[in-house]
Amino acid sequence: MARWCYRHRLVVLILWVGALLGLGFTGSAAGTNYVDTFSLPNTDSTRAYDLMEKAFPERSGDTDTVVWKVDDGTVRDASVRSRIEPALKEIGRMKGVGEVSSPYAGRGAAQISEDGRIAYAQVTFKEQANGVPKALVEDVVDTAQDAERAGLQVELGGQAITRTQEPPTGIAETVGILAAAVVLFLAFGSLYAMLLPLVVAIAALGTGLMATALLSHVTDVPEVAPLLGSLIGLGVGIDYALFIVTRHRRGILRGMKPEESAVTALNTSGRAVLFAGGTVCIALAGMLVMNMRFLDGVVVATSLTVVLSVLAATTLLPALLGMLGMRVLSRRQRRRLAAAGPEPAEASGPAARWSVLVQKRPRAIAAGALLVMTVLALPVLSIRLGATDQGNHQDSTTTRQAYDLLAEGFGPGFNGPLQVVVDGGDADALVSTIRSTDGVAQVAAAPPARGITVIQVVPTTSPQSERTDQLIDRLRDDVIPQSGATAHVGGVTAVFKDFAAVTGDRLPYFVAAIISLGFLLLMVAFRSLVVPLTAALMNLIAAAASFGVLVAIFQWGWGTELLGVGKEGPITAFLPVIMLSLLFGLSMDYQVFLVSRMHEEWVHTKDNARAVRVGLAETSRVINCAALIMICVFSAFVLSGDMEGAMAGIGLAAAVALDAFILRTALVPAAMHLLGNSNWWLPAGLEKRLPHLAVEPREETAAEPPADVAADGGGSTVIHGFVRTPDGAPVEGAALTLLSEGGRQLDRVTSLADGSYIVSVPSPGPYLLAVTAEEHPSRARHVLVGAEPLVYDVELAEDEVDAVN
C-alpha cells in the first residue's frame, strides 16, 4: 500500500482534499447537536431528575443570573431601580429570552439579600446553553452591564454567559501547532520535513472533528468530546508522522533511494504506528467498561480521530514523501550526503552517551527515577473527585464575580442548591425535618405538580465543600428514611457527587481492563512475559505521578492563577477515566517504539545489554522529540477557556513529560539492564499457543538467493574484494559499510594498504554496500549474497558522478 500511495501520490492527495472539503461542507450545512448529560442509571440524583422532568416538563431552557451590588444604601433605592429595571425589561423583550424574574416583582423579595445590598434576577432563555445564539448572550451581558455606575456593580453568571468568555475557537489548537512546528524545525532542520507531520495531523484532525460533528446528530456526543478529540488527535497525529518521517530520512541518509526508503519506513515504523494506534483505541474503548452514557460520545470522538490519524500517516504521508523526494532532507544534509556518502548506522551523540551511562549504573539511575516519581505521586493520596463550577473561574471574569456576589449575599451554598424531590405524600413534615438538619441554611417547597413536590435546600457550605457532600449523605441515609417519605436528592451538586462515587467504584475494573489488554498485546508482540509486566507497572507509576501533579496544581492551588486557570477545587469526576485512557494509550506508543527496536536487536544478537543500549540510543531522541511536541500541544489547551480542557491538557502534558523523560529514558532501560535475559522469557508452551504478531519486521530477511546466484556458489558469510582506482591503484582507508535494506548497519570495515576488505554478512539475502573514501565520490550498491563468499571489487573514479545522489 505504501508503494502504491507513493507512486499514485496525486490521486491520494485529491482523495484527502476531497474528503476534507466534503466533510467540511456537509458539517457546516448540518451544524452540531452536542448534548451534555451527566445522568447515571440507578443513582439517587437520576431518580430525582426523572421525577422533576415528569412533573415539570415545561421547564426547559438555560437559566442565567444577573447580580448587582451597591456600595452604599440598598438595591431598593430609586436611583438603583431606575437603572436596573429598564435593563431587565429590555432583556425580557429580546428574541430568544423566555422570562426574566425580577426582585422588584411581587414575589421577588427573596431575591434580595438580608442587608439589602445585593440582589439578583434570573434570565431564562428559550433554548439550552448550547442552543442560545452567542450574539443574544452578548446583548444580554452588554445591556445589563450598561446599567453600572460608580457604586453599582453588575455581574452575570450561568452556562450561557460562560460562552461569552471563551477565547476564539481554535486558539489552543493554533498555539499547539505553532509550538510543534518550532520543535519539528529544530529536530529536522528542514522546512519541508517540518511541514509533513503538521499537514498529516491537520488533515486527520479536520476530518475527525467534522465527522464527530455529523455523528452528534445520530448519537449523544458531549460538548467536551471535540476538545478531547483535538487534544489527542493533534498529539498522536504529529507523533505518528514524526516516527515515520524520521525513519524515512534515516534510510535516505544511509544510501537508500527515496521510494525504497519510504516503503521501508512504512513497513517498519508504519507497522509500529498501526499497532500503537490500535492500543490507543483499545485504551479509549476501555471507557465503555464504566457504563456511563456521557463517556460513550467521548470514546467515539477520540477513537475516530486516532483512526484517521493512523490512516493519514499510512496513506497521505507516503504520498507527500513522494512529492518531496530528496527535499525531505535539508540542503546541508543533501550536500553532505553528496560529498561524504551514506552515514554510518552507529548512533552517536548525547543519546548514545546516556545509553552507555544507563548500562553502567542501572541501579543508581533506577533508584533516582523511582524516587522522583514517588515524590510526585504523593499528592494523589488526597485526590478528591467532584465538579468544577463558575467559582473556579479566574477572578477577572464576570461569572466568577457573580458567583462570589451570590455567595456573599445569600450564603456559599446558594450557588449549588439541592433538590429533594418527594414522590406523593405530605412533604410538610419532611420540610420541617430538613430545616432542623445540621448544615442546612434555607428550605423552601414549591407547589406540588402531578403528585411531585420539589423542596429546594440551600446548604451552609459551598457546592465543592466536603461538608456539602456529607449533608447529601445525611439527607439520604438518615433524614429521608426517618421521615417515611419517598424522596430523592438531586441537583447539580448531587449529580456530580454520584458521578464521582460511581467513577471511584468502577475505576479499578476500568484500570484492570486496559492493563490486561495492553499486557496481552505486548506479550504477543514481543514474545515475553516480563516486558509487558514492566510496561504495566510503568504505566501505573506514570498515572500516579501525573495525577499527583494534577492534584497539586488544581486541587491544592499550586500555580493555578499563574497558569491562568482560575481557583483551585476538586478534580472533575470524569477526568480520571479520560486521562487514564489517553495516558495508557500514549504510554503504550512510547513503549512500543522503544522496545520494538530493543527486540529487533535481541533477535539478531541475543545480547540483552547490547539490545537495551542500542534500542535506547537509537529511539530516545525521537521519543523525546515526540514527547516535547505532545507537551506543547497539550499545554496549549490551557488557553481553551475550558476548565476540564485545561485540567486534561496539564495532566497529560505532565504525564507525557514524566513518561518520556524519566520512565522510558531512565527507569525502563535501567530495569531491563537489571533483569538481563529474563526480559525475553516466555514459557515454551505459551510460545507455541500465542499467535505471531510482527510490530516491526526484521529488516534482514533471510531471502533465498535466486537460481543464478546459487549456481555461482551456495552459502556465504562474507563479501570480500578490493577497492581500486580505474588505473588499478589500491585505495587504502576506504570505509565500507554493509547495510540492511531497512538501513540498519550490519558491519563496517576499512580497506587495507593493498585495497582489500572483508565484510561480514549475517545470512543470505539482499544488502546495500556503501563505500566512502577521501578525494573520491561515494558509492552505494545493492548486492545479493548467496550461500558462498561473494567477491565484489569496488572501483572509485575521481570524475564519476556520485552514485548516492
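Helices are DSSP runs of H or I with at least four residues, and strands are DSSP runs of E with at least two, numbered from the N terminus. The model is predicted, so that local features need pLDDT of at least 70 and side-chain atom pairs count only at pLDDT 80 or more, while totals for chains, interfaces and linings use all residues. Residues are numbered from 1 along each chain as its sequence is written, and side-chain values use heavy atoms, with hydrogens and water left out.

A cavity is a set of points, on a 1 Å grid over the protein atoms alone, where a 1.4 Å probe fits but cannot get out; lining residues have an atom within 4 Å of a point. Points are joined across faces, edges and corners, and a volume is the space filled by probe spheres set on them. Six cavities of 30 Å³ or more were found, and the largest has a volume of about 120 Å³. This largest cavity is lined by 17 residues, of which I514, L517, G518, F519 and M588 are the closest to its centre. Two or more lining residues come from each of α10 (258-285), α18 (492-526), α19 (530-555) and α21 (575-605). Helix α18 gives the largest share, seven residues.

The lining comprises 13 nonpolar, four polar and no charged residues (nonpolar: Ala, Val, Leu, Ile, Met, Phe, Trp, Tyr, Cys and Pro; charged: Asp, Glu, Lys and Arg; polar: the others, Gly among them).

Contact means heavy atoms within 4.5 Å. In α2, W16, A19, L20, L23, G24, T26, G27 and A30 meet A203, G206, T207, M210 and L214 of α8. These contact residues divide into eight nonpolar, five polar and no charged.

Note on methods:
1 Å grid on protein atoms, 1.4 Å probe; cavity = no way out; pocket = protein on both sides within 12 Å on 5 of 7 lines; lining within 4 Å.
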